[in-house]
Amino acid sequence: VKRYSFMHYGLSAGLASNETNTVAQDEAGYIWIGTANGLQRFDGLRYKSFRANKKDPSAIPNNFVYQILFDKEQNLWLSTGDGKLGIFDTHNFTYRQVKVKVKDESYLLLERELIMDNDGNLVFLFSGAGFVTWNEKLQEFSEDHNFIHLPETLKVIDIAQQPGTKKYWLGTLTGMAIFDRNTNTLSYAGHNAAGEIFI
């Protein structure tokens, strides 16, 4: 029988908030923690904290860190409570906001998720409203860069790539859909273009 050792870390140990929203580990082994009171880096002994500072344009924009994600290049992406999205430099400890082009600015305050597929493509999803895709060259997220195109009637709440394939499974408010990037085919109830058994 395997035995595991657990350590509880809270405010008394240096955690910035008991409300921890998101956690990720970098290649160097540091644990990055997004809390309701800023971003923290934990080395196993000590916490280094990063908080919003209106006088410092390179500081994180908001102390409520909604989500963090490391991309294929080990960039640390931060989604914050004010709807902003950017990259935090884990060496220089500076933040750079990126452009997110949306039809409606209110999307930025919906439940949202930054998703990375197996190829490193980044999609910023606004639950029930839509999503935008990252374009490295233009340094922006926009619907213009989406490779999955949906009819207006399908309101996506989550996207997951099927491992080892180019198929993307989409949970929508009205059921499941499957997009096959190899054939550019979208299948959903009432329109099973690829003859997907699941649909």
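The following conversation goes through a predicted model of one protein chain.

Reader: To begin, how many helices and strands does the chain have?

Author: This predicted model has zero helices and 18 strands.

Reader: And what does the chain span along its principal axes?

Author: The C-alpha trace covers about 55 × 55 × 30 Å along those axes.

Reader: What share of the residues is buried?

Author: Of the 199 residues in the chain, 41% are buried. The surface that the chain exposes comes to about 11500 Å², and carbon and sulfur atoms supply 49% of that area.

Reader: How many positive and negative side chains are there?

Author: There are 20 positive and 23 negative side chains. The centres of these two sets are 5 Å apart.

Reader: Turning to the sheets, what is the strand order in the one that contains β1?

Author: That sheet is open and consists of four strands in the order β1-β2-β3-β4, paired antiparallel. β1 (20–25) and β4 (47–50) are its edge strands; each has a single partner, so one side of each has no neighbour in the sheet. On average, neighbouring strands here are turned by 20° against each other, direction ignored.

Reader: How many bridges hold β2 and β3 together?

Author: Five bridges link strand β2 (residues 31–35) with strand β3 (residues 38–42), in the antiparallel sense. One residue pair to look for is tryptophan 32 with its bridge partner in β3, arginine 41.

Reader: Which strands make up the open sheet that includes β7?

Author: It is an open sheet of four strands, ordered β5-β6-β7-β8, with antiparallel pairing. Its edges are β5 (65–70) and β8, and each of these has one side without a neighbour in the sheet because it pairs with a single strand. From one strand to the next, the twist averages 30°.

Reader: Is β7 itself mostly covered or uncovered?

Author: Strand β7, residues 85–89, is mostly covered, with four of its five residues buried.

Reader: How is β7 joined to β6?

Author: The two strands run antiparallel, and four bridges join β7 to β6, which comprises residues 76–80. Within this pairing, leucine 76 has phenylalanine 88 of β7 as its bridge partner. The strands form a hairpin with four residues between them, where glycine 83 takes a positive phi near 90°.

Reader: And what about the pairing of β7 with β8?

Author: That pairing is also antiparallel, with four bridges between β7 and strand β8 (residues 94–97). Aspartate 89 has threonine 94 in β8 as its bridge partner. These two strands form a hairpin too, with four residues between them, and phenylalanine 93 in the turn has a positive phi of about 60°.

Reader: Changing topic, where is isoleucine 148?

Author: Isoleucine 148 lies in the loop between β13 (140–142) and β14 (156–161).

Reader: Why does isoleucine 148 count as buried?

Author: Its relative accessibility is 5%, and a residue is called buried when that value is under 20%.

Reader: Which residues is it in contact with, leaving aside its neighbours within four places in sequence?

Author: Isoleucine 148 is in contact with Phe131, Tyr168, Leu170 and Phe179. In the case of phenylalanine 179, the C-alpha atoms are 7.0 Å apart in space, while the two residues are 31 residues apart in sequence.

Reader: What fraction of the chain's contacts comes from residues 24 or more positions apart?

Author: Such pairs account for 38% of the contacts in the chain that have a separation of 6 or more.

Definitions and conventions:
Residues are numbered from 1 along each chain as its sequence is written. This is a predicted model: local features need pLDDT of at least 70, side-chain atom pairs count only at pLDDT 80 or more; totals for chains, interfaces and linings use all residues. Side-chain values use heavy atoms; hydrogens and water are left out. Buried means under 20% relative accessible area, exposed over 50%, partly exposed in between (1.4 Å probe, protein chains only). Contact means heavy atoms within 4.5 Å. Two strands pair if DSSP finds at least two bridges between them. Accessible areas come from the Shrake-Rupley method with a 1.4 Å probe; for residues, only the protein chains shown count as cover. Lys and Arg count as positive and Asp and Glu as negative; His and the chain ends are not counted. The place of a charge is taken as NZ of Lys, CZ of Arg, CG of Asp or CD of Glu. Axes are lines fitted to C-alpha atoms, for helices over the stretch in contact, and angles run from 0 to 180 degrees between N-to-C directions.
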